[in-house]
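Biologist: I'm new to this one. Could you walk me through how to read it, starting with the rings?

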Amino acid sequence: KKVDIVTTTTSDVNIYDYLAENGSEYSEFAKMLQKAGYSNFLNAYGSYTVFAPTNEGVKAFLQESGKTSVDAFSVQELQDIVKLHLLEDTIQTGSFTDGKLANVTMLGQYLVTGVTNVNGVSSYTINRQALVVQPNIVLSNGIIHAVDHVLKAATKTVAQTIEANADYSIFTQALKETGYYDSLNIVNNPDTTRRFLTVIAETNKALADSGITSYAALKAKYSNTGNPKNPADSLHLY
């Protein structure tokens, strides 16, 4: 009697196969993965989390980028885009916090998760750029979270981000005068303990509420040595 032998350990599909098989939702992102050269490893054994933009999300991204199709991007551009959506671990929404995920993406940037409520419906947010529209799709080599927009990588340092906002002009000048601007303007700091930093920045309005309407007024109030770069100076400490 012929005996049927089970040749696979699971009937679950891998991540790339799932995206390809559900082309009505993910065909555009599947194209990105294929052109970037990542379709093969996402179809092999491993543990991955993928934030997969829907076709509508990719189309919106193409329009914002002034591109007519995924093919208009170079391989390197697509690799950078895709790597921001990939983590080498399986992370379900139960591990999401109001803040950055514990694992870094393959691009080397952390993703920030949160929750927003729109018209009485709560949804997870990713990087404040996209909503999770279908969470926790468990597959044989990882998990997919479907998102409604393509995630965009950070292009500015903390210092540049603060400086770009006119509401922080006084605080920006204080950063420069104390020397903190330079230490906040480094990408991939070799000192890994200072690679990811948090700044509690005060707006011009917040300072004005305390009677400070210019950097000169801030310095006059807090700088006891007259040299804000001096680590012992009160403005430096402030």
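Modeller: Sure, and keep in mind that this is a predicted model. Rings of Phe, Tyr and Trp count as a pair if their centres lie within 6.5 Å.

Biologist: How many aromatic pairs does that rule give here?

Modeller: The count comes to eight aromatic pairs. To describe any one of them, you give the distance of the centres and the angle of the planes.

Biologist: Which kind of pair do phenylalanine 96 and tyrosine 124 form?

Modeller: An edge-to-face one, with 5.2 Å centre to centre and 85° between the planes. Planes over 60 degrees apart get that label. The two partners sit in distant parts of the chain, 28 residues apart: phenylalanine 96 is in the loop between strands S2 and S3, while tyrosine 124 is in strand S5.

Biologist: Are those two rings buried or exposed?

Modeller: Phenylalanine 96 counts as buried because its relative accessibility is 11%, and the cut-off for buried is under 20%. Tyrosine 124 is at 29%, so tyrosine 124 counts as partly exposed.

Biologist: Which residues do ring pairs link into a cluster?

Modeller: Tyr38, Phe41 and Tyr48. Rings can have charged company too: the charged end of lysine 100 sits over the ring of tyrosine 110, 3.9 Å from its centre. Likewise, lysine 67 has its charged end over the ring of phenylalanine 73, at 5.3 Å from the centre.

Biologist: Let's go on to helices. What should I look for in one?

Modeller: An α-helix has 3.6 residues a turn, so residues three or four places apart point the same way. Now take H2: its buried residues are Tyr26, Glu28, Phe29, Ala30, Met32, Leu33 and Ala36.

Biologist: What covers the buried residues of H2?

Modeller: The cover includes helices H1, H3 and H4 along with strands S1, S6 and S7. Also look at the helix axis: H2 has a kink of about 35°, centred on phenylalanine 29. Just after H2, glycine 37 takes a positive phi of about 85°.

Biologist: And the strands?

Modeller: In a regular strand the side chains alternate between the two faces of the sheet. With S7, you can check each face in turn. Gly142, Ile144 and Ala146 lie on one side, Ile143, His145 and Val147 on the other, and all are buried. That makes six of its six residues.

Biologist: Which strands pair with S7, parallel or antiparallel?

Modeller: S1 pairs with S7 in the parallel sense, over six bridges, and alanine 52 stands opposite alanine 146. S6 and S7 run antiparallel, joined by five bridges, with valine 132 opposite valine 147. A hairpin through two residues connects S6 to S7.

Biologist: Where does the nonpolar core fit in?

Modeller: The largest nonpolar core has 29 residues, and Leu19, Met32 and Ile144 have the most contacts inside it. H1, H2, S1, H3, H4, S6 and S7 each supply at least two of its residues. H2 gives the largest share, six residues.

Biologist: What does isoleucine 144 touch?

Modeller: Leaving out residues up to four places away in sequence, its contacts include Ile15, Tyr18, Leu19, Val50, Ala52, Ile137 and Leu139. There is also a second, separate core of 12 residues, with Leu87, Leu111, Ile126 and Val147 among them.

Note on methods:
Residues are numbered from 1 along each chain as its sequence is written. This is a predicted model: local features need pLDDT of at least 70, side-chain atom pairs count only at pLDDT 80 or more; totals for chains, interfaces and linings use all residues. Side-chain values use heavy atoms; hydrogens and water are left out. A nonpolar core is a set of buried Ala, Val, Leu, Ile, Met, Phe, Trp, Tyr and Cys residues joined through side-chain atoms within 4.5 Å. Buried means under 20% relative accessible area, exposed over 50%, partly exposed in between (1.4 Å probe, protein chains only). Helices (H or I, at least four residues) and strands (E, at least two) are DSSP runs, numbered from the N terminus. Contact means heavy atoms within 4.5 Å. The bend at a residue is the angle between axes fitted to the seven residues ending there and the seven starting there. Rings of Phe, Tyr and Trp (its six-membered ring) pair if their centres lie within 6.5 Å; planes under 30 degrees apart count as stacked, over 60 as edge-to-face and the rest as tilted. A charge sits over a ring if NZ of Lys or CZ of Arg is within 6 Å of the ring centre and within 35 degrees of the ring normal. Two strands pair if DSSP finds at least two bridges between them.
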